[in-house]
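Let's take a walk through the charged side chains of this protein. Have the model open and follow along.

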Amino acid sequence: LDCDVLVHEATNAKVGDEEKSEEEVEKSAKEHGHSTPQMAGQFAKNVNAKLLLLNHFSSRYKGDQEPESLAIMKQIENLAQDSFHNDAVIATHDLFSIPIPRST
């Protein structure tokens with residue numbers, strides 16, 4: 001499989017002061033039908049994605065433009081990058097848009 005752009009939710013993440021282990025966070029995500037950034041990154045790798053756009057984050061993360069919120073989103077991107085083995089990861093926000101060229 002090849003994928004130009006993959007949009008994947010990453011609701012649960014071990015960032016900031018999260019007390020759960022990575023395994024506990026992943027287990028909780030699966031139990032609620034969600035994913036972690038690492039799971040999204042692994043899926044992106046499996047489908048040979050060129051770009052991974054993460055969305056649908058927990059309401060625990062404000063998602064605003066404050067430095068603390070931006071730092072958390074960067075941590076989420078880094079978690080996905082580690083399992084994707086690719087830096088092409090963007091933690092998106094409401095009304096995020098990106099041009100996607102037409103394939104030939």
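What follows is a tour of the salt bridges and then of a charged patch.

Keep in mind that this is a predicted model. The salt bridges come to four in total, and three of them are worth a stop here.

Start with Asp4 and Lys50, whose side chains pair up with an N to O distance of 2.7 Å. This one ties together distant parts of the chain: Asp4 belongs to strand 1 and Lys50 to strand 2 (residues 49-55), with their positions 46 residues apart in the numbering. Asp4 is partly exposed, because its relative accessible area is 34%, while Lys50 counts as exposed at 57%.

Next, hop over to helix 1, home to both Glu31 and Lys27. They sit four residues apart, about one turn of the helix, and their side chains form a salt bridge at 3.1 Å, N to O. Both of these residues are exposed.

Helix 3 (residues 67-84) has a pair of its own, Glu77 and Lys74, three residues apart and again about one turn. Their closest N and O atoms are 3.5 Å apart. Is Glu77 buried or exposed? Glu77 is buried, because its relative accessibility is just 13%, under the 20% cut-off. Lys74, its partner, is partly exposed at 42%.

Finally, look at the surface for a patch of negative charge, where Asp17, Glu19, Glu66 and Glu68 gather. Asp17 is in the loop between strand 1 (3-9) and helix 1 (22-31). With a relative accessible area of 71%, Asp17 is exposed, as the cut-off for that is over 50%.

Definitions and conventions: Residues are numbered from 1 along each chain as its sequence is written. This is a predicted model: local features need pLDDT of at least 70, side-chain atom pairs count only at pLDDT 80 or more; totals for chains, interfaces and linings use all residues. Side-chain values use heavy atoms; hydrogens and water are left out. Patches are made of residues with over 30% relative accessible area and no salt bridge: like charges are joined within 9 Å, nonpolar side chains (Val, Leu, Ile, Met, Phe, Trp, Tyr) within 5 Å. Accessible areas come from the Shrake-Rupley method with a 1.4 Å probe; for residues, only the protein chains shown count as cover. Lys and Arg count as positive and Asp and Glu as negative; His and the chain ends are not counted. The place of a charge is taken as NZ of Lys, CZ of Arg, CG of Asp or CD of Glu. Helices (H or I, at least four residues) and strands (E, at least two) are DSSP runs, numbered from the N terminus. Buried means under 20% relative accessible area, exposed over 50%, partly exposed in between (1.4 Å probe, protein chains only).
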